[in-house]
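Please explain how this chain is put together, starting from its overall make-up and moving on to the way its helices pack.

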Amino acid sequence: MTLTTLAEKMIKNQPFTADTRRDYQGYYDRAIRPILGTTPVADLDDARVLAWLKEVIATQPASQVLPIVGLMRKLLNLAVKRRHLKRHCLQHKALRATLQLLGFSRITRSGSRTYMEAAYHAPGGGQTSFLECATEWMQHSTPDRMLREERSLIMTTIWLPAFGSRAIGTIDRLDILKVTIPMQQAGRLPEAYRALSILRLFFRDMILAGRISANPARMPTLCLNIPSTVPGVKERDRTNAKQRLFALLTQPSQTAKEDRHDRI
């Protein structure tokens with residue numbers, strides 16, 4: 001049995017959610033199949049696995065290394081359980097420590113993670129237009145019809161007018177801020193936050209598809225204008241942008257306050 005056969009059976013038969021199946025399939029197709037896909041499971045000794053680990057560290061986006069290696073460990077655990085292997089080198093070790101020993105580092109600076117170029121890029125890669133990628137994504141992003149319709153509505157009314165003809169690889173955080181800040185100024189922060197969460201999912205899937213290597217919408221606090229002081233935030237949390245954002249999202253809107261005042 002090859003590793004690809006084992007992976008296909010696991011991804012298909014294990015009780016994963018639809019999103020998890022899609023993520024695992026993307027990780028496997030992009031980082032495991034090209035290197036070890038045709039290898040018999042019984043031949044996955046420590047030397048092969050460690051060589052694959054070094055290749056993943058050197059070629060995959062830093063944010064994707066840990067989940068990719070996590071998937072590989074699941075596959076190897078399953079191989080041991082089914083007695084295709086007696087043991088494997090990731091069996092009883094902490095993944096982060098193992099990766100660090102091999103030279104992996106995902107040091108963050110000012111909330112920005114270091115990204116490397118992906119080994120696999122879909123045809124057109126980052127030059128494919130946002131419109132083309134989003135049109136395909138809206139059709140297949142989730143099997144849930146209502147959720148798919150909500151995502152499509154937000155993409156077509158907010159993000160497609162802003163980025164439609166742009167190459168997907170050229171969109172960055174400052175471009176996103178040009179959309180979200182006017183929404184905040186219009187008192188539409190919850191709507192901007194929801195739109196941003198959907199854009200983050202879209203870019204995540206584009207990373208899995210090999211079109212881009214970094215998610216410009218990964219951190220909501222960097223894609224919204226969060227005041228340095230927010231009423232209701234405890235003293236110890238004032239330096240925490242996530243806490244300030246949560247406080248803003250849970251505060252009654254100014255419009256709601258005016259409506260209540262008019263009723264009184």
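Of the 264 residues of the chain, what percentage count as buried? The figure is 44%. It applies to a predicted model, and the values that follow are computed from that model.

The chain contains 11 helices and two strands. Read from the N terminus, the order of elements is α-α-α-α-α-β-β-α-α-α-α-α-α. The two strands thus follow one another in that order, with helices on either side. As for contacts between residues at least 6 apart in sequence, 66% of them join residues at least 24 apart.

Helix 4 is a convenient place to begin. Helix 4 covers residues 62–81 and has 20 residues. From its first C-alpha to its last it reaches 30 Å, close to the 28 Å expected at 1.5 Å a residue. Of those 20 residues, 15 are buried, and helix 4 is accordingly described as mostly covered. After helix 4 comes arginine 83, which has a positive phi, near 65°.

One partner of helix 4 is helix 1, residues 3–13. The two axes lie 10 Å apart, and the helices pack at an angle of about 100°. Angles of 65 to 115 degrees count as roughly perpendicular, and helix 1 and helix 4 are therefore roughly perpendicular to each other. On the helix 1 side, the residues in contact are Leu3, Leu6, Ala7 and Met10. They meet Leu71, Met72, Lys74, Leu75, Leu78 and Ala79 in helix 4. By class, this contact has nine nonpolar residues, no polar residues and one charged residue. The spacing of such residues along a helix has a general background: an α-helix has 3.6 residues a turn, so residues three or four places apart point the same way.

A second packing pair lies further along the chain. How do helix 8 and helix 9 run relative to each other, roughly parallel or roughly antiparallel? Helix 8 spans residues 173–185 and helix 9 residues 189–208; their axes come within 8 Å and cross at roughly 155°. Because angles over 145 degrees count as roughly antiparallel, helix 8 is roughly antiparallel to helix 9. The crossing of these two helices is right-handed.

In this pair, Ile176, Thr180, Met183 and Gln184 are the contributions of helix 8. Helix 9 meets them with Leu189, Glu191, Ala192, Leu196 and Leu199. The contact of helix 8 with helix 9 divides into six nonpolar residues, two polar and one charged.

Terms used:
Residues are numbered from 1 along each chain as its sequence is written. This is a predicted model: local features need pLDDT of at least 70, side-chain atom pairs count only at pLDDT 80 or more; totals for chains, interfaces and linings use all residues. Side-chain values use heavy atoms; hydrogens and water are left out. Axes are lines fitted to C-alpha atoms, for helices over the stretch in contact, and angles run from 0 to 180 degrees between N-to-C directions. Helices (H or I, at least four residues) and strands (E, at least two) are DSSP runs, numbered from the N terminus. Angles under 35 degrees count as roughly parallel, over 145 as roughly antiparallel, 65 to 115 as roughly perpendicular and the rest as oblique. Contact means heavy atoms within 4.5 Å. Ala, Val, Leu, Ile, Met, Phe, Trp, Tyr, Cys and Pro count as nonpolar, Asp, Glu, Lys and Arg as charged, and the others, Gly among them, as polar. The expected span of a helix is 1.5 Å times one less than its number of residues. Buried means under 20% relative accessible area, exposed over 50%, partly exposed in between (1.4 Å probe, protein chains only). A crossing is left-handed if the near helix is turned anticlockwise from the far one by less than a right angle, and right-handed if clockwise.
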